[in-house]
Amino acid sequence: MGAVWITYRRSLPLFSKFELTSRLVCWDEKWFYIEQTFTGEQGLVAVGWVKGMLRDERGSVDPGMVIERVASGVVSPPMPEAMATWNELTREKLAGG
């Protein structure tokens with residue numbers, strides 16, 4: 001399953017304007033790993049990491065195939081150590097560890 005981790009730095013009052021920026025950090029044979037930052041009038045509000053996949057009628061779609069169609073020859077950057085640790089902890093938790 002996918003996963004989301006988010007850390008809040010400050011409150012965002014109801015109906016406040018904010019900017020959401022998404023950045024593809026890396027990918028593997030099944031998952032895209034995305035960092036999202038929320039910025040309000042007073043600066044950084046929150047940072048989130050998303051582990052997600054694309055699916056079609058046959059099941060999950062290989063992220064490498066998607067990237068190849070968008071930017072031929074591009075390979076995934078290495079996964080940052082902190083994100084790899086979060087990914088492993090998520091796997092352990094889902095496995096009942």
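This passage describes the aromatic contacts in a predicted model. Three aromatic pairs are present in the structure.

Phe18 and Phe38 make up a tilted pair. Their ring centres are 5.9 Å apart, and the planes meet at 40°. Phe18 belongs to the loop between strand 1 (3-8) and strand 2 (19-27), while Phe38 sits in strand 3 (residues 32-40). The pair therefore ties together parts that are 20 residues apart in sequence. The two partners fall into separate burial classes. Phe18 has a relative accessible area of 44% and is partly exposed. Phe38 is buried, because its value of 19% falls under the 20% cut-off.

Trp49 and Trp86 form an edge-to-face pair. Here the centre-to-centre distance is 5.8 Å, with 65° between the planes. The angle is over 60 degrees, so the pair counts as edge-to-face and not as tilted. Trp49 lies in strand 4 (residues 43-52) and Trp86 in helix 2 (residues 81-94). The contact links distant parts of the chain, 37 residues apart. Trp49 is buried at 14% relative accessibility. Trp86 is also buried, with a relative accessible area of 10%. Both tryptophans belong to one aromatic cluster, which includes Trp5 as well.

A contact between a charge and a ring was also found. Lys51 lies over the face of Trp31, at 4.7 Å from the ring centre.

Key. Residues are numbered from 1 along each chain as its sequence is written. This is a predicted model: local features need pLDDT of at least 70, side-chain atom pairs count only at pLDDT 80 or more; totals for chains, interfaces and linings use all residues. Side-chain values use heavy atoms; hydrogens and water are left out. Rings of Phe, Tyr and Trp (its six-membered ring) pair if their centres lie within 6.5 Å; planes under 30 degrees apart count as stacked, over 60 as edge-to-face and the rest as tilted. Helices (H or I, at least four residues) and strands (E, at least two) are DSSP runs, numbered from the N terminus. Buried means under 20% relative accessible area, exposed over 50%, partly exposed in between (1.4 Å probe, protein chains only). A charge sits over a ring if NZ of Lys or CZ of Arg is within 6 Å of the ring centre and within 35 degrees of the ring normal.
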